[in-house]
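Let's take a walk through this protein together, one region at a time. Keep the 3D view handy as you read.

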Amino acid sequence: MSTAPAPKTPLGKLSAWNDLKQHAEELRGKHLRELFASDAARGEKFRVEAEGIYLDYAKNRITDKTMQLLLELAAQSGLRERIDAMFRGEKINITEDRAVLHVALRAPKSASIKVDGEDVVPEVHTVLDRMSAFADRLRSGEWKGHTGKPIKNVINIGIGGSDLGPVMAYEALRHYSRRDMNFRFVSNVDGTDFAEATHDLSADETLFIVSSKTFTTLETMTNAQTARKWALESLKDESAIARHFVAVSTNAAEVTKFGIDTANMFGFWDWVGGRYSMDSAIGLSTMLAVGPENFRRLLAGFHTMDEHFRTAPFEQNLPVIMGLLSVWYNDFFDAQTVAVLPYEQYLKRFPAYLQQLTMESNGKHVTLGGETVSYQTGPVYWGEPGTNGQHSFYQLIHQGTKLIPCDFIGFGKTLNPLGNHHDLLMANVFAQSEALAFGKTAEEVKAEGVADWLVPHKVFEGNRPSNTLLLKELTPEALGKLIALYEHIVFTQGTVWQVNSFDQWGVELGKVLAKKIAGELAAPADLQHDSSTNTLITRYKQLRG
């Protein structure tokens with residue numbers, strides 16, 4: 001069984017937790033304007049620069065004492081011990097009795113990480129090398145489809161972690177991708193998703209990557225069977241499947257039954273959770289798009305942040321600081337969401353990716369010991385790229401009644417220099433964080449000559465917290481660092497909240513019920529649900545005809 005027992009002291013009984021409760025009351029009436037006015041060096045004090053990432057966290061409702069207490073909370077929560085346990089390969093996912101080793105997916109060949117006494121790093125690199133060889137063959141045109149044509153179109157079929165990571169990475173690294181190839185992604189069991197992904201493609205130039213560890217995932221295999229039928233309508237020959245389908249799976253029997261050559265099956269391991277798997281074979285579509293060299297640069301960025309998280313003192317540790325700050329607002333200021341706002345169009349899918357990473361990980365209501373929590377756990381993560389969001393939901397962040405901490409992400413250089421576009425983009429990053437922090441008082445509004453009746457409408461309370469992350473340029477390495485940063489933020493949060501960030505039992509019940517109802521929709525059945533669900537099923541059948 002697990003070698004990582006549940007914490008012995010409940011969170012509510014930790015002295016640092018209770019000290020933070022009292023400290024929050026002391027700070028509640030203080031405004032960021034006051035905190036900056038009382039400390040001229042605040043902007044230099046609350047910042048960390050490490051591994052090519054500059055974090056400004058000065059615009060948070062914190063003091064030296066806040067950070068001291070948060071770091072003490074990390075220590076009392078056993079964060080150091082739990083980090084070490086993860087990197088040692090201990091089975092810290094206690095509900096599934098599994099190690100948590102996404103960090104092994106990006107470890108260099110020289111590393112050694114053991115699970116049950118076996119070093120997993122050589123096997124990781126064996127799969128990486130097989131992926132690289134396949135990618136080189138396909139990208140060079142050596143791999144050809146059934147009719148002898150090279151592959152121009154790649155469609156990844158997956159869902160959840162088998163889709164969100166690859167989609168996000170492709171969009172983020174599109175600058176580095178093959179522009180003479182099409183990369184598309186099908187995840188939704190809604191047939192429209194598949195129809196739109198394939199409507200302008202030819203089967204003899206299309207490769208499907210079917211990503212499902214068990215090769216039984218309902219949505220993925222429904223789409224895969226539809227893809228198989230679509231391909232055979234054109235190619236006519238069952239043997240063509242082996243030239244137009246590859247698998248990311250561990251179920252060789254089902255892969256073979258489907259018609260895929262197991263030589264083109266790329267595996268991964270039960271110590272990799274789906275939402276942490278984009279740098280495993282699940283990233284095959286990413287490697288095909290950007291090439292093996294850029295994919296390995298992505299992995300190097302992940303590893304750089306892993307080592308920073310593992311070794312940096314907590315007061316200089318990017319994920320630890322950001323993770324603790326999110327706990328601070330979530331549990332002591334009733335902030336129920338976090339907005340992630342990348343000022344980089346290529347990162348347009350990054351907030352959506354983080355939704356699964358954060359909310360599937362820490363959306364838990366019981367502790368590792370099985371006790372119901374008496375505090376808030378995972379906040380809602382959401383966001384859009386700037387500057388689009390400014391003309392959408394920033395109104396609520398600035399003048400609404402909800403406290404929404406924000407993470408701004410910006411880059412010193414753009415990959416597409418056009419006039420003064422990038423300076424204007426970054427001016428908005430700095431302006432938004434400044435406006436959120438300091439706002440505009442009634443006196444300042446009146447000084448502008450605004451009529452008295454209109455003044456309240458133009459007042460900005462300010463005191464809205466934010467972090468700003470600055471990197472030089474969006475490279476594969478930079479993307480890897482950013483993803484790993486948020487992975488370890490999640491780890492820090494989950495450790496403090498004493499929850500298991502690595503299972504997802506909450507997604508299972510709906511799947512079970514959907515399978516039952518699908519059978520009832522396919523044939524006459526005596527419905528055995530509640531009156532609302534029975535009525536909805538009956539009404540749907542009438543609408544369907």
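## An open sheet and its edges

Val248 has Phe266 of strand 9 standing opposite it. That spot is a good way into this model, which is a predicted one. Val248's neighbourhood is easy to find: strand 8 covers residues 245-248, and two bridges join strand 8 to strand 9, with the two running parallel.

Step back and you'll see an open sheet of five strands, paired in parallel and ordered 6-5-7-8-9. Which strands sit at the edges? Those are strand 6 and strand 9, and each of them pairs on one side only.

At the strand 6 end, five bridges link strand 5 (residues 153-157) with strand 6 (residues 182-186), again in the parallel sense. One of the matched residues is Asn153, whose bridge partner in strand 6 is Asn182. Between these two strands comes helix 7 (residues 164-172), and the three elements together make a right-handed β-α-β unit.

## Rings that meet

The structure has 25 aromatic pairs. Take Phe134 and Phe266 as an example: their ring centres are 5.7 Å apart and their planes meet at 55°, which makes the pair tilted. Phe134 belongs to helix 6 (residues 121-140) and Phe266 to strand 9 (residues 265-266), so this contact ties together parts 132 residues apart in sequence. Are these two residues buried or exposed? Phe134 is buried, at 4% relative accessibility, and Phe266 is buried too, at 1%.

Elsewhere, six residues gather into one aromatic cluster: Trp17, Trp328, Tyr329, Phe332, Phe333 and Tyr375. Some rings also have a charged neighbour. The charged end of Arg243 sits over the ring of Trp143, 4.0 Å from its centre. Likewise, Arg228 lies over the face of Phe258, at 5.6 Å from the ring centre.

## Around strand 13

Now for another set of strands. Strand 13 is mostly covered, with five of its six residues buried. What does strand 13 pair with? Strand 12 is one partner: six bridges join the two, and they run parallel. Strand 2 (residues 53-56) is another, held in the antiparallel sense over three bridges.

Leu470 is a handy landmark here. In strand 13, Leu470 is the bridge partner of Gly410, and Tyr54 stands opposite Leu470 as well.

## Empty space

Rolling a probe the size of a water molecule over the atoms shows where empty space is left. In this model, two cavities reach 30 Å³ or more. The largest cavity has a volume of about 120 Å³. Its lining has 15 residues, and those nearest its centre are Met322, Ser326, Val338, Asp407 and Asn467. Helix 14 (318-332), strand 12 (406-411), strand 13 (466-471) and helix 20 (476-497) are the elements that give two or more residues to this lining. Which of them gives the most? That's helix 14, with four residues.

There's open space to explore too. The largest pocket has a volume of about 900 Å³. It is lined by 38 residues, and Thr217, Gly274, Gln504, Glu508 and Lys511 are the closest to its centre. At least two lining residues each come from helix 9 (218-235), helix 15 (350-362) and helix 21 (508-522).

## A few backbone oddities

Most residues other than glycine have a negative phi, and most peptide bonds are trans. Against that background, a few places are worth a look.

Asp116 has a positive phi, near 55°. You'll find Asp116 in the loop between strand 3 (114-115) and strand 4 (118-119), and it is exposed, with a relative accessible area of 64%. For Asp334, phi is also positive, near 55°. Asp334 lies in the loop between helix 14 and strand 10 (337-342), and at 54% relative accessibility Asp334 counts as exposed.

Last stop: where is the cis peptide bond that has an omega of about 10°? It joins Gly386 and Thr387. Thr387 has its place in the loop between strand 11 (380-382) and helix 16 (394-399).

Definitions and conventions: Residues numbered from 1 in each chain as written. Predicted model: local features only at pLDDT ≥ 70, side-chain atom pairs only at ≥ 80, totals over all residues. Heavy atoms only, no water. Pairing = 2+ DSSP bridges. Right-handed = clockwise from strand over helix to strand, strands pointing away. Phe/Tyr/Trp six-rings, centres within 6.5 Å; stacked < 30°, edge-to-face > 60°. Buried < 20%, exposed > 50% of the residue type's maximum accessible area, 1.4 Å probe, protein only. Lys NZ or Arg CZ within 6 Å of the ring centre and 35° of its normal. 1 Å grid on protein atoms, 1.4 Å probe; cavity = no way out; pocket = protein on both sides within 12 Å on 5 of 7 lines; lining within 4 Å. Points joined across faces, edges and corners; volume = space filled by probe spheres on them.
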